[in-house]
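Please open the structure in a viewer and keep the selection tool at hand. The tour below proceeds stop by stop, stating at each what to select and what is found there.

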Amino acid sequence: MGKYTELRDKLTIEEKAALIHASTFFNSGYVDRLGIPPLKMNDGPNGVRQEFEPDSWRPIGDTADLVTWMPSNTCLATTWSTELAEKFGEVLGEEARGRGKDVILAPGINIKRTPLCGRNFEYMSEDPVLAGEIAVPLIKGIQKNDVAACVKHFALNNQELERLLVEAKVDEKTLQELYLPAFKKACLEGDSYSIMGAYNRANGEYCCNNKHLLVDILRDMWNYKGVVVSDWGGVQETEATIDHGVDIEMSIFDAFDDYFLANPVIKLVKEGKVSEEKLNERVDRILALIEKLHIGEPEHKQGSLNTSEHHEVIEEVAEEGIVLLKNDKNHLPISPVREDGTHKKILVVGDNATRNNGLGGGSSEIKMIYTITPMLGFTMTRGGDVSYKWLPGYYVDNEDELSINDEWQASSLETQEQVKSGEKEGDYADLVREMVMYAPEEKRDEAEIKKDFEERILPHRESYKKAVLDAIPEYDEVIFIGGLNHSFDVEGYDKKSITLPYAQDELIEAMADKAGDKLTVVLMCGSAVEMPWIDKVHSLLQLSYAGQNGGLALARVIYGDVNPSGKLPETYPIKLADTPTEKYSSYPGEIGPEGHRVCEYTEKLMVGYRYYETEKVDVLFPFGYGLSYTTFAIEKCSHTVTGALGDDLLIEVSGILKNTGSRAGKEVIQLYVGLPEADQPVKLLKSFVKLEATPDAPVAFRLTITEDDLETFDIDKNAFSAKSGSYKLFLGTSVKDIVYETEIKL
């Protein structure tokens with residue numbers, strides 16, 4: 001028994017209930033009488049969110065909550081670097097602790113099931129192995145600082161469309177093999193001190209009171225001992241939640257005593273309808289977490305904010321999170337000088353060259369100490385004699401959405417006030433079930449839309465494009481920086497397509513025709529987009545939301561100060577119609593007989609590259625793909641098998657990585673496996689390693705696979721096991737670029 005855990009039996013029923021629900025919008029309950037403090041929580045995956053007033057969604061307006069804006073989880077996963085993931089976690093943990101936080105709501109590891117999901121930019125990958133391998137060191141880094149990671153969102157939160165109501169229906173095999181492994185790794189290997197229940201339903205029950213997820217799997221199968229926190233407003237009822245739901249209820253309303261795990265629980269316990277032991281289980285876990293974090297103890301770490309060391313780490317993540325997708329004429333890196341030694345004139349085009357993309361997106365919004373946009377990054381790296389000019393290029397016609405897409409929480413409080421005043425009938429339960437999610441709605445008729453397009457949007461588009469095309473002949477280099485922004489990559493709703501907005505495709509094609517080889521295209525986006533102009537563009541970079549030093553990182557890559565080494569953590573399809581959810585008509589679901597949307601995962605395991613490889617569907621860029629300014633060769637590959645199934649099986653694949661170019665660089669070696677079962681994808685990522693190599697120093701590597709890596713879920717046994725049969729091994733630098741293939745029998 002510790003200082004806090006020994007206090008449990010001294011608590012009244014009311015005090016126990018106080019600990020299992022929020023006391024402010026970001027603090028759990030507390031008990032002053034016994035000195036039990038609240039757990040202070042905050043978003044999120046890419047930095048500590050600004051401070052709000054305790055009982056409203058109004059920012060406090062102070063300057064003490066300026067923090068480091070860190071790269072998104074997608075950007076981190078694009079590095080394929082477990083070493084950087086731990087450094088990233090250390091920075092996030094130090095900054096959270098420096099802001100006095102005990103729980104940071106990160107990382108986000110939901111599977112990128114469809115590129116339409118609005119929150120994909122917060123998630124890592126379409127693959128659970130990559131997501132899990134990056135999440136584990138990230139979590140360990142966070143928790144070195146007396147801060148609990150809160151891995152989210154458990155589980156099946158794979159779309160934002162109607163996320164508060166939608167029911168994900170998925171078979172048990174798919175659930176266990178695709179959607180849960182990253183969470184399992186995060187909880188068991190990463191020892192994440194907490195986990196967040198999702199908003200959506202899963203196979204009939206809300207995730208925050210889902211017995212199968214939270215009891216059968218999380219507690220019983222995985223033996224998880226940590227604290228389960230609800231998403232904000234994710235609890236929908238009292239009895240099912242207290243029976244087998246979350247430990248702490250958080251929400252977006254300030255009626256804290258009316259929460260489902262507040263006065264309603266006290267009433268049920270006193271009436272004998274709920275066992276007090278249900279409260280005790282939760283209180284024990286909460287008190288144990290407070291002790292783990294050394295809250296109130298002399299050794300409690302203090303953390304730090306905005307240090308130069310933090311900024312160095314996030315810049316390194318941003319640099320390695322940039323993917324070189326095309327360089328077929330070796331135009332990159334560009335030189336700032338002409339052949340005669342004079343300095344170049346460079347035209348930079350695109351709204352994302354100057355936009356601060358740390359503002360917006362939902363709970364990932366960051367109040368950063370500074371931001372370096374790409375335009376600023378260019379001038380910081382080569383700004384002395386190089387002549388730059390920026391043009392917007394495309395017209396952002398929905399600027400108002402970028403400024404209001406985070407207001408759904410505040411607007412829900414207005415509904416609460418209507419209930420309090422009697423203007424609207426209902427109670428807290430009704431408020432939660434009717435939570436408003438902001439999504440852009442077209443309220444104009446067709447005539448108004450047509451008039452606005454013809455009188456406002458089209459003239460801007462045409463004048464912006466004309467300005468660019470007229471300017472191109474005057475410049476030695478043309479760099480287009482476009483993509484998405486946080487009116488598309490955003491919490492709360494999904495994209496309607498993966499076409500670039502604002503008529504960017506037309507602009508890029510026209511620029512390619514006019515600029516030719518001197519055009520470089522950079523796309524900022526949180527997930528895959530279509531590129532119908534791909535054959536006309538020869539220099540192409542992909543940049544996720546890369547944090548406050550992202551613009552500097554991009555400039556350093558474009559000018560060759562940094563050799564790009566990012567690899568795609570998801571497949572880029574040629575068009576949306578090629579994706580598995582479109583093929584199987586399994587998104588966004590249909591309204592079911594109970595009145596809510598039901599989304600059946602009929603594609604099962606065939607998500608992302610698993611589908612494209614198995615069905616032999618051509619893609620724009622495959623999973624794991626990324627180029628370098630140098631070239632590599634993988635030689636002398638071989639494999640060994642020791643042990644056997646059930647007897648310390650170990651498969652090792654080894655080889656030599658040679659840098660065959662002229663400069664140092666990093667390559668990611670990826671090992672995929674083909675399983676003997678007929679219903680499995682033809683390739684599954686099982687291991688990877690990122691290596692640095694110089695032209696004069698070959699690097700030996702060895703990747704290992706154990707029996708655990710070969711196991712699939714047996715429905716009849718309700719357990720994982722490996723099957724006898726023929727296994728294929730594929731070694732390469734992407735799921736498509738395989739350099740060594742062999743077959744083994746086990």
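In what order do the 5 strands of the open sheet lie? This is a predicted model, and in it the order is β7-β6-β4-β17-β16, with mixed pairing.

**The open sheet**

Select first the edge strands, β7 (205–206) and β16 (590–591), each of which pairs on one side only. Next, add strand β6 (residues 201–202), which runs antiparallel to β7 and is joined to it by 2 bridges. Within this pairing, A202 has E205 of β7 as its bridge partner. Strands of a sheet pair through backbone hydrogen bonds, either parallel or antiparallel.

**An enclosed strand**

Move to strand β9 (residues 322–327). Because 6 of its 6 residues are buried, β9 is largely enclosed by the rest of the structure. Select also strand β14 (residues 539–543): β9 and β14 run antiparallel and are joined by 5 bridges. To locate one point of this pairing, display N327 and its bridge partner in β14, S539.

**A β-α-β unit**

Select strand β10 (residues 345–349) together with strand β11 (residues 387–391); these two pair in the parallel sense over 5 bridges. The bridge partner of K345 in β11 is S387. Adding helix α12 (residues 374–382) completes a right-handed β-α-β unit with β10 and β11.

**Aromatic pairs**

A search of the whole structure finds 28 aromatic pairs. Display W80 and F623: the ring centres are 5.4 Å apart and the planes stand at 55°, so this pair is tilted. W80 belongs to the loop between α2 (73–79) and α3 (82–98), and F623 to the loop between β18 (619–621) and β19 (632–644), so the pair ties together parts that are 543 residues apart in sequence. W80 counts as buried because its relative accessibility is 1%, and F623 counts as buried at 0%.

Return now to helix α12 and select F378 with Y559. These residues form an edge-to-face aromatic pair, 6.3 Å centre to centre with 85° between the planes. F378 lies in helix α12 and Y559 in the loop between α18 (550–558) and β15 (572–573), so that the pair links distant parts of the chain, 181 residues apart. Both F378 and Y559 are buried.

For a cluster of rings, select F25, F26, F52, W57, W232, F253, F256, Y259, F260 and Y428, which are linked by ring pairs.

**The nonpolar cores**

Which residues have the most contacts inside the largest nonpolar core? They are L39, F154 and W232, in a core of 132 residues. Helix α4 (residues 128–143) supplies the largest share of this core, 8 residues. Centre the view on F154: beyond its neighbours within four places in sequence, its contacts include L180, F183, I195, M196, C207, L213 and W222. Another core, of 42 residues, lies apart from the largest one; among its members are V478, A515, V521 and L568.

**One face of a helix**

Finally, select helix α9 (residues 263–270), whose buried residues are V265, I266, L268 and V269. Look down the axis of α9: the buried residues fall within an arc of 165°, so they line one face of the helix. Their cover includes α1 (13–19), α8 (239–244) and α10 (276–292). The last residue to select is G272, just after α9, which takes a positive phi of about 80°.

Notes. Residues are numbered from 1 along each chain as its sequence is written. This is a predicted model: local features need pLDDT of at least 70, side-chain atom pairs count only at pLDDT 80 or more; totals for chains, interfaces and linings use all residues. Side-chain values use heavy atoms; hydrogens and water are left out. Two strands pair if DSSP finds at least two bridges between them. Helices (H or I, at least four residues) and strands (E, at least two) are DSSP runs, numbered from the N terminus. A crossover is right-handed if, with the strands pointing away from the viewer, the path from the first strand over the helix to the second runs clockwise. A nonpolar core is a set of buried Ala, Val, Leu, Ile, Met, Phe, Trp, Tyr and Cys residues joined through side-chain atoms within 4.5 Å. Buried means under 20% relative accessible area, exposed over 50%, partly exposed in between (1.4 Å probe, protein chains only). Contact means heavy atoms within 4.5 Å. The arc is that of the directions from the helix axis to the C-beta atoms. Rings of Phe, Tyr and Trp (its six-membered ring) pair if their centres lie within 6.5 Å; planes under 30 degrees apart count as stacked, over 60 as edge-to-face and the rest as tilted.
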